[in-house]
2 protein chains.
Amino acid sequence: MRADTSDMPEFSPRQNAVLEQALRLLVEGGEKALTTSGLARAANCSKESLYKWFGDREGLLAAMIAHQASKVRTFERSGERLTADLLRDHLELFARDLLVVLAGDVSLALNRLAIGQATREGSKLGKLLLEHGRRQIDRRAMALIDQGKRAGLLRFDNADAAYHTLYGLIVSDLHVRMLLGEPGLKDNARQAERAVAAFLTLHGTQKQSADALGVSAGR
Amino acid sequence: MRADTSDMPEFSPRQNAVLEQALRLLVEGGEKALTTSGLARAANCSKESLYKWFGDREGLLAAMIAHQASKVRTFERSGERLTADLLRDHLELFARDLLVVLAGDVSLALNRLAIGQATREGSKLGKLLLEHGRRQIDRRAMALIDQGKRAGLLRFDNADAAYHTLYGLIVSDLHVRMLLGEPGLKDNARQAERAVAAFLTLHGTQKQSADALGVSAGR
DNA sequence: CCTTTTGCGTACCGTACGGTACGGTTCTGC
DNA sequence: GCAGAACCGTACCGTACGGTACGCAAAAGG
């Protein structure tokens, strides 16, 4: 169960507990609620220890991202032989998982934090968040659609472009809306079905019934 | 040239100049660079005037959003008879405009600001930003695809769902990536073409050559 | 011309943050 | 059992913010 090419520092249990408190504060009160004093109080540790462990505030934020990413390992069960139905199931599962992850409290809070820090000249936190948080889910999807292509069930020239199409169909502007404070979808499964149906219409090799494309919906 | 159902307070020229400076500070240095003292210095006005005009800091931020929105009026030229080629052209134009707007410095800075303020319990700024900034572009797109349906060129049951599909195909995760500090696309036009081609494959009534779907790409 | 309003510039206040220093306490290795 | 490290709690420091108050110049208006 070792992580892949992990380079990450890995923190002590005590430090992980502190990072957990930090995430809690961030989720509950936003960035302004995550102060060194407040964290020290909430985690029953001293500010001195915080600075010893994480260097400065930015180091703490980076550690929080790494810590959260280390919790979201995604399994890659890629043994079975793919059929059209199986591919659809796996794509819909991926879509549902993606929607659940993006709508998660911690994910939203960390993204808000990194976006709040970012400026025109890029952002250290933003890079970290994209790399740590996105790599896993990207790999899972890419492996899946690659497998679909090798099984003759999907057709596309550029896997990256096809993946971004899938992503856009699943998420649309929902992520930004949630980041801005809007509530999420009422029914993730429905959205997943619609997105995957559209994706298969675009990139599937078999005729797709276009039924699932225009149903009542309503966000 | 009157705005539609505008209720907005509309500010004096002097106040607009101050808001312009505020936007400049925000774009150049992010939220932390937008302080009342800094703005007063940059705009050659007194802090007292700022508080008299805008109430408090949140009022200033809201005014900045309203001011920016008042600058981005979108024309609605919906006279001509639609053909398939014309519809495609208009959709691609919309897509390019959308990508340009989302990638704009001021748009990114305001979205970062509102997202940074937002918490789980919604955000005043976020609501404002979505309503003021999005309404125009949403209306333009909805009118366009509605027109396309009436002309028998598009088919869908739910216009809202179809629009979100179009939006997702155009933007994918690009908006969030840019908010996190990543550079934008190298070629908006290419992305617009691909997205519209996919959208027409899904919702067009005429056979679409699937050529434009899988080309080399590269973001 | 004089009055009133508007607004600039500056000084000021309370607060709260990030970061440091220190004394006392618990844990660890030998 | 003891020395040394790790660590907690608290106090402290400098700074910078949001917001207010005041003195004075310049425009507005009759």
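In this predicted model, R134(A) and D173(B) form a salt bridge, with 3.3 Å between the closest N and O atoms. Between chain A and chain B the count of salt bridges is 4. Polar contacts across the same interface come to 6 residue pairs, with both residues of each pair at pLDDT 80 or more.

On the side of chain A that touches chain B, the elements giving two or more residues are α1 (13–29), α6 (105–117), α7 (124–150), α8 (159–171), α9 (174–179) and α10 (188–203) of chain A. Sorted by class, that side of chain A has 12 charged, 19 polar and 18 nonpolar residues.

The extent of the contact can be given by residues and by area. Chain A contributes 49 residues and chain B contributes 50 residues. Together the two chains bury about 4300 Å², and carbon and sulfur atoms carry 60% of that area. Within chain A, the residues that lose the most area to chain B are I115(A), R120(A) and L180(A), which together make up 16% of what that side buries.

How are the two chains placed relative to each other? Chain A is superposed on chain B by a rotation of 180° with 0.0 Å of shift along its axis, at an RMSD of 0.1 Å. The two copies are therefore related as by a two-fold rotation axis. Both copies use the same surface for the contact, since 100% of the contact residues of chain A recur in chain B.

The protein also meets DNA strand C. There are 14 residues around this strand, and those that come nearest are K47(A), E48(A), Y51(A), R57(A) and R14(B). Of the atoms of DNA strand C that come within 4 Å of the protein, 57% belong to sugar and phosphate. By class, the surface near DNA strand C has 6 charged, 5 polar and 3 nonpolar residues. At least two residues of this surface come from α3 (47–54) of chain A, and at least two from α3 (47–54) of chain B.

Individual atom pairs show which parts of the strand are approached. A polar backbone atom of T36(A) is 3.0 Å from a phosphate oxygen of DNA strand C. In chain B, an N or O atom in the side chain of S49(B) is 2.9 Å from a phosphate oxygen of the strand. For E48(B), the partner is a base nitrogen of DNA strand C, 3.4 Å from an N or O atom in the side chain.

Key
Residues are numbered from 1 along each chain as its sequence is written. Chains are lettered from A and ligands numbered from 1 in the order in which they are written. This is a predicted model: local features need pLDDT of at least 70, side-chain atom pairs count only at pLDDT 80 or more; totals for chains, interfaces and linings use all residues. Side-chain values use heavy atoms; hydrogens and water are left out. Contact means heavy atoms within 4.5 Å. Buried area is the accessible area (1.4 Å probe) that two parts lose on being put together, summed over both. A salt bridge is a side-chain nitrogen of Lys or Arg within 4 Å of a carboxyl oxygen of Asp or Glu. A polar contact is a pair of N or O atoms within 3.5 Å; within protein, one must be able to donate a hydrogen and the other to accept it, and residues adjacent in sequence count only if both atoms are side-chain atoms. Helices (H or I, at least four residues) and strands (E, at least two) are DSSP runs, numbered from the N terminus. Ala, Val, Leu, Ile, Met, Phe, Trp, Tyr, Cys and Pro count as nonpolar, Asp, Glu, Lys and Arg as charged, and the others, Gly among them, as polar. Copies are superposed by least squares on the C-alpha atoms of residues with pLDDT of at least 70 in both. A residue is near a molecule or strand if one of its heavy atoms lies within 4 Å of it.
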